[in-house]
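Grab a coffee and open your viewer: here are some exercises to work through with the model at hand. Try each task before you read its solution.

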Amino acid sequence: MDDLTSRPTGRHVAADDVQLRILIHHAPTPLWYVDLRAVGEAFEQLRARGVTDIAAYLDAHPELVETAKDIVLVTEVSQAAMALFRSASAKDLIGPVRYLFAATPAMARRVMIAHFDGRRNYVEQARMTTFDGEVRDVIFSVTYPTPGEPQDTAFITIEDVTDSLRTQAQLRRLQTDFAHAARLSMLGELAAAIAHEVKQPLAAIVTNAETSLRWLSRGEPNLAKVRELTARVAASAGRASDIIQRVQAMATKQDPHHIPLDLAEVVDEALHFVSHELDGRGIELSRTQLEALPTILGDRIQLQQVVVNLLVNAIQAIGEGAGRERRIELELGLEPSCAVMLAIRDTGPGVAAGDLRRVFDGFFTTKNTGVGIGLSVCQSIVAEHGGRISVSNHPAGGAMFQVRLPIVPAPEA
Ligand SMILES: Nc1ncnc2c1ncn2[C@@H]1O[C@H](COP(=O)(O)OP(=O)(O)OP(=O)(O)O)[C@@H](O)[C@H]1O
Ligand SMILES: [Mg+2]
């Protein structure tokens, strides 16, 4: 390291060191060796004139950024750099750095600011246009000399991440499709309960409407009574429409949309889907939350899906264990690790010790009619949210699933 940094200032930097040129040429990463002297001198002059806020200065003199693209010179490149730009000759890549900024012109300003501010490295995800006109997604990194070192050379490396970004996007799409398919299957399981849930307000509407008609058909209609009954009809219709909207939101296929959320609200919404099942099977649900929860960032529908899935599993587990205590304990809390935690514990038979490692595997099921996708989808949704899901058996019996989701970090200053 030292023999590089302690080179005498003013030495020519055109990679005239044969050994250095050979090393650069054969570097397996796209690498640019850059002559910075012209811009280094310009920066010296600016400093001498008292300029300290380079961002403000460049805002006032944007032409300096344009000039820099012409006076900062590439003097050497690796073969991998030539391949990235689809060029057979290194000569195409030698000279002004302007072509590196063709697809992301505004990056040049940020690269200059980092240099002026004495940073060692600057990294940005950007785009590059190859010489045959294709736009690629890249990670663009510069390594600069810092103040006190000769301000003559810098390294640029460019990593092509187009394919990996594409694969990631494809994976995200698959995950979304899979989660959607699992939601439809979950709604199918809950169809009877949902139908029953809608029937209640509809029955109330019918009763109240019929009573209204009777009050109206009297010799002297009781309008006050009719007004009251009509208000009840409207309220019941609103309730039915809410249920349908919730089901529709669950059934719709949409890209995950991460927004600030209160997990407690997500849990409330999820409970609407299973409250009928709980009542119908005589399962008592207790809910503990000691403190208000900080906001998390997530997709409302997908997180509802996780909670409904866990509750459906708990209900099914309790259904199996006959004659036992029938209770689900739902707990929400904040962990020291800056995560919001949701625990769902049931009084079912628990998970067999040998299955604890497998319950999150796709298509693992111990149920006759199970598909085994519920928990695997929960896991992929939680992971997509930067969180974790775990399972254990409670000492007092029954399974306990815990979901931890990171809270939204405070906005950076
Ligand atoms: N609360 C629970 N108590 C005991 N075992 C559980 C519990 N939740 C899940 N399991 C076990 O994990 C397995 C996988 O659960 P998962 O939800 O992925 O699939 P499933 O419920 O079997 O089928 P489905 O695809 O319909 O959800 C279950 O078959 C069961 O053996
Ligand atoms: Mg399940």
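Below are five exercises, each followed by a worked solution.

Before you start, note that this is a predicted model, in which local features need pLDDT of at least 70, side-chain atom pairs count only at pLDDT 80 or more, and totals for chains, interfaces and linings use all residues. Residues are numbered from 1 along each chain as its sequence is written, chains are lettered from A and ligands numbered from 1 in the order in which they are written, and side-chain values use heavy atoms, with hydrogens and water left out.

**Exercise 1. Find the domains.**

Task: Work out into which domains the protein chain is divided.

Solution. Step one: mark domain 1 (2-160), domain 2 (166-255) and domain 3 (256-408); these bounds come from an automatic or database domain assignment. Step two: compare the C-alpha centres of domain 1 and domain 3, which lie 51 Å apart.

**Exercise 2. Trace the sheet of six strands.**

Task: Give the strand order of the open sheet of six strands, and say which strands are at its edges.

Solution. Step one: recall the terms. Helices (H or I, at least four residues) and strands (E, at least two) are DSSP runs, numbered from the N terminus, and two strands pair if DSSP finds at least two bridges between them. Step two: read the order, S3-S2-S1-S6-S5-S4, with antiparallel pairing. Step three: the edges are S3 (95-96) and S4 (121-129), each of which pairs on one side only. Step four: check one pair. S2 (residues 73-77) is joined to S3 by two bridges in the antiparallel sense, and Val74 has Gly95 in S3 as its bridge partner.

Step five: add the helices. Contact here means heavy atoms within 4.5 Å; axes are lines fitted to C-alpha atoms, for helices over the stretch in contact, and angles run from 0 to 180 degrees between N-to-C directions. H2 (residues 18-26) lies across S1 (31-35), S2 and S6 (153-160), at about 80 degrees to S2. H7 (residues 107-116) also packs on the sheet, where it touches S4 and S5 (135-143), and its direction makes about 165 degrees with that of S4.

**Exercise 3. Trace the sheet of five strands.**

Task: Give the order of the five strands in the open sheet with mixed pairing, then look at its bridges.

Solution. Step one: the order is S8-S10-S11-S13-S12. Step two: S8 and S12 (388-393) are the edge strands, each pairing on one side only. Step three: go through the pairs.

- S8 (residues 284-289) and S10 (residues 327-335) are parallel, with six bridges; Arg287 is partnered by Leu330 in S10.
- S10 and S11 (residues 339-346) run antiparallel and are joined by eight bridges; Glu335 stands opposite Ala339.
- S12 and S13 are antiparallel, again with six bridges, and Val391 is partnered by Phe401 in S13.

Step four: look at the turn. S10 and S11 form a hairpin with three residues between them, and Cys338 in that turn has a positive phi of about 60 degrees.

**Exercise 4. Explore the largest cavity.**

Task: Find which residues lie nearest the centre of the largest cavity, and which element gives the most to its lining.

Solution. Step one: on a 1 Å grid over the protein atoms alone, a cavity is a set of points where a 1.4 Å probe fits but cannot get out, and a pocket is an open set with protein on both sides within 12 Å along at least five of seven lines; lining residues have an atom within 4 Å of a point. Grid points are joined across faces, edges and corners, and a volume is the space filled by probe spheres set on the points. Step two: there are three cavities of 30 Å³ or more, and the largest holds about 190 Å³. Step three: of its 18 lining residues, Leu36, Val72, Phe101, Val111 and Met112 lie nearest the centre. Step four: H7 gives the most, with four residues.

**Exercise 5. Place the largest pocket.**

Task: Explain why the largest pocket lies between two domains.

Solution. Step one: its volume is about 800 Å³. Step two: 33 residues line this pocket, with Asn313, Gln316, Thr365, Thr366 and Lys367 nearest its centre. Step three: H11 gives the most to the lining, with seven residues. Step four: domain 2 and domain 3 both give residues to the lining, so the largest pocket lies between them.
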